[in-house]
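Got your viewer open? Load the model, keep the sequence panel handy, and we'll walk through a few stops together.

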Amino acid sequence: MDSTKQPLLYHAEATAVKKRIPYNVIFEVTRRCNLDCTMCYVVSHDSAHPDELSTDEVKDVLDQLAAAGTLKLTFSGGEPFMRPDFLDLVEYARTLAFSIDILTNGTLIGPQTVQRLKELAVWQVSISLLGARSETHDGITGKSGSFSRAVQALRLLKEAGIKPRIKTLVMKRNFDEYPDIIAMAKQMGIPYSLDPTVSSRNDGNLDTLDLNLSENQFKALINNPSLGPRSLSFNGEDLQSSRKERLEGYLCKAGISFCDISWNGDVLPCMQYQQSAGNVRKQRFIDIWRESPLFIMLRNARRHDLPECKDCELLPLCFRCPATAFLETGDPLAKYETACIQARLMDEVRVSRADPSNENSEIQSNP
Amino acid sequence: MLDRVVSRNKDVAWRIIENEAILISAEDSMLHSLDEVGTRIWELSDGSNTVEQIIDTIFDEYEVDRETAEKDVIEFVTNLASEKLGLLIVSESD
């Protein structure tokens, strides 16, 4: 008998991918939020909704996820701490031995909550930081004091020995501050990840796309030699894991080893892919996971079969996302503007790096 | 050792996937995977079995002589319960 110890990422997930086990699930336990971020894809409200899953319903779904083989569970929202029963749900999830990550804006995390999270052995708490200064962060969230509360939460978590992570959506409005956010993260000893893609809203509204980085800003970001492959993420995937999926040919992990459960019980391919594969109030989770036509379609689709993309020479550099394709065009397999632009910019950076006259030519290309 | 009760550290995240236990240590976020027999021992480490009872079960269920089962179970439990790993807890029975 043997126990082997290895880096966290791939071994279990590779088994899950092979066996189609929903190893990694995001559970959006509420759509309520106390902030009003300009770029948020969730059309949220600062009030309860009658369709929100009850405490008992959430617990029942957690039971079903544990039985289905889910190990990595991310609680999200809205703002999950807006639910009065949220810590009870975390406690219940821990009795089922999930590895728990919490995506939060951090504003509702005080010393007592941190103590409770520590007792519950929560694996990670990811806090969205949208600027290095309160004026910028609070300007984006629409709430004065949200920056100082988020930073305070990061400090409390770090001091308590819980693993915090800074997550930053980089867009026009905070582009100038992303180096300062990195400096702040390093000074606090907290890992960070930057995402340069603003998605359309989950009601189909495309108004947020104008917030995306300009082409020059995007190129400057991906060409920043101080950023490692795990510092940048595209559609929730870092460059390293995305490269692996591209080689295997899947569109992404959605329906393969990952899915999302919405606040009203809808089972979605991911947080941004607003097409329900079924609802846990009407069907068992495992039946939806195994049998829904949507998940079967995603499992069978391969990048090299995409009708509009299969012959594109930029496909190896492309971080196309079926959710964004669906939001922007109504077809998860269609090509869409944001991905085409980003792939072209990636290629321009790659070419400039290969040019011996370019001072950055020795930098190895990320993609 | 034989009359000690074995239980899983409640801070460990774990799941059994295709007869293989996958454990994530809360202490260092490292992933551990157990082979088939190790996974069976992990299942049995629910706070209701002593080391001796686990040895009996492994002896019954696998083609192994009693001496080897005892040696391997004790070695496995001791390793996972070590201060370095802290995945199992070995305690006096009530």
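Start by selecting chain B, where you should find three helices and six strands. Bear in mind that this is a predicted model. Trace chain B along its sequence and the elements come in the pattern β-β-β-β-α-β-α-α-β.

Now zoom out until the whole of chain B is in view. Its C-alpha atoms fill a box of roughly 35 × 30 × 20 Å along the principal axes. The radius of gyration of chain B is 13 Å, which agrees with the value near 12 Å that a compact globule of 94 residues would have. Buried residues account for 36% of the 94 residues in chain B. If you look at contacts in chain B between residues at least 6 apart in sequence, 48% of them join residues at least 24 apart.

**Stop 1: the open sheet in chain B**

Select β1 (residues 5-8), and keep chain B on display. Which strands make up the open sheet here, and in what order? There are three, ordered β5-β1-β6, and the pairing is antiparallel. The edges are β5 (46-50) and β6 (88-91) of chain B, each of which pairs on one side only. On average, neighbouring strands of this sheet are turned by 25 degrees against each other, direction ignored.

A word of background: strands of a sheet pair through backbone hydrogen bonds, either parallel or antiparallel. In this case, four bridges hold β1 of chain B in antiparallel pairing with β6(B). To see one partnership up close, pick B:V6, whose bridge partner in β6(B) is B:V90. Next, add helix α2 (residues 51-61) of chain B, which packs on the sheet and touches β1 and β5 of chain B. The direction of α2 makes about 80 degrees with that of β5(B).

**Stop 2: an arginine in helix α1**

Select B:R40, which sits in helix α1 (residues 36-44) of chain B. Is B:R40 buried or exposed? It counts as buried, because B:R40 has 20 C-beta neighbours inside 10 Å. Leaving out residues up to four places away in sequence, B:R40 touches B:I58 and B:E61. For a distance exercise, pick the C-alpha atoms of B:R40 and B:K84: these residues are 44 apart along the chain, and the atoms are separated by 22 Å.

**Stop 3: the hairpin of β2 and β3**

Select residues 13-24 of chain B, which take in β2 (13-17), β3 (20-24) and the loop between them. The two strands run antiparallel, joined by five bridges. One bridge to look for joins B:I17 to B:E20 in β3(B). Four of the five residues of β2(B) are buried, so this strand is largely enclosed by the rest of the structure.

Then move to the turn, where two residues lie between the strands. Most residues other than glycine have a negative phi. B:E18 has a positive phi of about 50 degrees although it is not a glycine. B:N19, in the loop between β2 and β3 of chain B, also has a positive phi, near 65 degrees. B:E18 counts as exposed because 12 other C-beta atoms lie within 10 Å. For B:N19, 10 other C-beta atoms lie within 10 Å, so B:N19 is exposed too.

**Stop 4: over to chain A**

Switch to chain A and select α3 (86-95). Which residues of α3(A) are buried? They are A:F86, A:L89, A:V90, A:A93 and A:R94. These residues cover an arc of only 140 degrees around the axis, which puts them on the same side of α3(A). They pack against α2 (55-68), β3 and β4 (99-104) of chain A. Just after α3(A), check A:A97, which takes a positive phi of about 65 degrees.

Now step back to the loop between β3 (72-76) and α3 of chain A, where you'll find A:G78. The peptide bond joining A:G77 and A:G78 is cis, with omega about 15 degrees.

**Last stop: the nonpolar core**

Finally, select A:I100, A:V122 and B:V73. Of the 126 residues in the largest nonpolar core, these three touch the most other members. Helix α6 (residues 146-160) of chain A supplies the largest share of this core, six residues. Center on A:I100 and look for its contacts beyond four places in sequence: A:L73, A:F75, A:V90, A:A93, A:R94, A:V122 and A:W123.

Technical notes:
Residues numbered from 1 in each chain as written. Chains lettered and ligands numbered in written order. Predicted model: local features only at pLDDT ≥ 70, side-chain atom pairs only at ≥ 80, totals over all residues. Rg over C-alpha atoms; globule rule 2.2 N^0.38 Å. Contact = placed C-beta atoms within 7 Å. Pairing = 2+ DSSP bridges. Axes fitted to C-alpha atoms, helices over the stretch in contact; angles between N-to-C directions. Core = buried A, V, L, I, M, F, W, Y, C linked by C-beta atoms within 7 Å. Arc of directions from axis to C-beta.
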